[in-house]
Amino acid sequence: MSYEDSARIINDDIFDLVNEYFQHEKNGRNNESRVDFFDTYKNYFVLTDDGSYSINSKEINHKVETLHTSTGAISESFEKFIKPMKFDYSKDIAILDICAGLGYNSSAAIADFLKHSDKNLTVDMVEISKATFACGILVPSPIPEHDITKKAIEKELIAEDYAALSLEKAEIPKNININVYIEDARQTVQRLDDDTYDAIFLDPFSQNMAPELFSVELFKEFRRIIKDDGIIATYTSSAPVRAGFIEAGFYIGLGPIFGRKQGGTLASPNPLMLDWSLPRNDEIRIALSDVGIPFRDPNLNSSSDFILEKRTEERHLARHNTKISSAVKTPIFLGCEMDDEKLKRRVERNLEKMNIHSTTSSEANYIVEVENEYSEKQDSENNSTNRILEMKKRLKKVKEGN
């Protein structure tokens, strides 16, 4: 199986139907317009609460999920990827949209830009699956700016000999430049220029399906291509993703909560671009637990399975050596009295292996002392990243007996 086939996330049935339709379009045999196609196969798409459509994923661990929250696909784009940004609309703006999918995130960015600026906007959209991009031109546009995105996608699908007909009528404004890349985002990113982007939208389906798009090495490429005041937005609250951003040289903060119980993640080279801290227990687990081991892809070409396997091995080696065991969420009890005697025994067995003699010992209190300065509002010094790095240093000292 090719990487493109394994990375493609949309449901097998709609994938096959879309490919068949566009093959007929190329051969001049399609007997229905693209609108008719959508009307015929509407049941394969998912109507979300704001009236925009999503698509079902292929079956993963015996479950099928939608690519967007049921609360609203286009609303999710505005809430998670546009509202956290701090664009200076007196200047030209450049955005990199990774796993661009149906084009909603880019469309939301275009809508926001046209509302606030008469400067120039560059949007680079990256998506590995032609069929997924094709679904973006088949679904009804939830906002007018999606028609602009559709036009750019259609042009590239024609250039790639996937589509044949130029049916999208929207004009792309002269001050908007959209580049569409249909390939592995890891390869695209390595060709991009330094200090280019004001924002990066990182929107793969999940870190367990696509850990290669959440690796430390890819984040280091992001650090190279993003501007010093740029912001990366992603929906995930995953500990390895957040740890990976820190290892790659980013500050991290809490992203908006929309359609989920937890907020996503924002990352920036500049801590002043991030307003809100991660939850305290998230900071502790990232700093001290083996769940804070990031994904690694040294040559930016490993398979998902290989990356997941290597992280599992690294977690095993780190547990009780450089990291506290994540079992029963052990680190979050540091500095706390525990009433549950059974749980306390399990927690303190894990702590003993790291030279921490109890949850309330001097070593425990020393490690998490920095959390006494916790504030939901971040600044240049008192922020999630600095607290996480300080706790990591203190754990190392305790383990080494220093």
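These legends go with a set of close-up views of one predicted model.

**View 1. Strand β9 sits between two partner strands.** Let's start with a short strand, β9, which runs over residues 265–268. On one side of it, β9 pairs with strand β7 (residues 226–234) in the antiparallel sense, over three bridges. Look for Ile232 here: its bridge partner in β9 is Ala267. Strand β9 also pairs with strand β8 (residues 251–254), again antiparallel, with four bridges. In that pairing, Thr265 of β9 is the bridge partner of Leu254. So are the faces of β9 covered or open? Both are covered. Thr265 and Ala267 are buried on one side, and Leu266 and Ser268 are buried on the other.

**View 2. Lys86 and Asp275 join up across the sequence.** Side chains of opposite charge can pair when their charged atoms come close. Here the side chains of Lys86 and Asp275 meet in a salt bridge, at 2.8 Å from N to O. Lys86 lies in the loop between α4 (73–82) and β3 (93–98), while Asp275 lies in the loop between β9 and α11 (280–288), so this pair ties together parts that are 189 residues apart in sequence. Lys86 is partly exposed, at 38% relative accessibility, and Asp275 is partly exposed too, at 28%. If you went hunting for salt bridges in the whole structure, you would find 29.

**View 3. Asp282 and Arg242 make a buried salt bridge.** In this one, the side chains of Asp282 and Arg242 meet, at 3.0 Å from N to O. The pair links distant parts of the chain: Asp282 belongs to helix α11 and Arg242 to helix α10 (residues 239–247), 40 residues apart. Buried or exposed: which are Asp282 and Arg242? Both are buried.

**View 4. Arg191 and Glu183 pair up, and four other residues form a network.** Arg191 forms a salt bridge with Glu183, and their closest N and O atoms are 2.5 Å apart. Arg191 is exposed, with a relative accessible area of 51%, whereas Glu183 is partly exposed, at 23%. Salt bridges can also link up into a network, as they do for Glu25, Arg34, Lys151 and Glu154.

**View 5. Positive charges gather in a surface patch.** Which residues form this positive patch? They are Lys342, Arg345, Arg346, Arg349 and Lys353. Take Arg349 as your way in: you'll find Arg349 in helix α13, which covers residues 341–352. With a relative accessible area of 52%, Arg349 counts as exposed because the cut-off for that label is over 50%.

**View 6. Negative charges have a surface patch as well.** Glu337, Asp339, Asp340 and Glu341 form a negative patch on the surface. To find your bearings, look at Glu337, which sits in the loop between α12 (304–318) and α13. Glu337 is exposed, at 67% relative accessibility.

**View 7. Glu76 is tucked away in helix α4.** Our last stop is Glu76, a residue of helix α4. Its relative accessible area is 9%, so Glu76 is buried. Now look for Asn321: how far apart are Glu76 and Asn321 in sequence and in space? They are 245 residues apart in sequence and 41 Å apart in space, from C-alpha to C-alpha.

Note on methods. Residues are numbered from 1 along each chain as its sequence is written. This is a predicted model: local features need pLDDT of at least 70, side-chain atom pairs count only at pLDDT 80 or more; totals for chains, interfaces and linings use all residues. Side-chain values use heavy atoms; hydrogens and water are left out. Patches are made of residues with over 30% relative accessible area and no salt bridge: like charges are joined within 9 Å, nonpolar side chains (Val, Leu, Ile, Met, Phe, Trp, Tyr) within 5 Å. Accessible areas come from the Shrake-Rupley method with a 1.4 Å probe; for residues, only the protein chains shown count as cover. Lys and Arg count as positive and Asp and Glu as negative; His and the chain ends are not counted. The place of a charge is taken as NZ of Lys, CZ of Arg, CG of Asp or CD of Glu. Buried means under 20% relative accessible area, exposed over 50%, partly exposed in between (1.4 Å probe, protein chains only). Two strands pair if DSSP finds at least two bridges between them.
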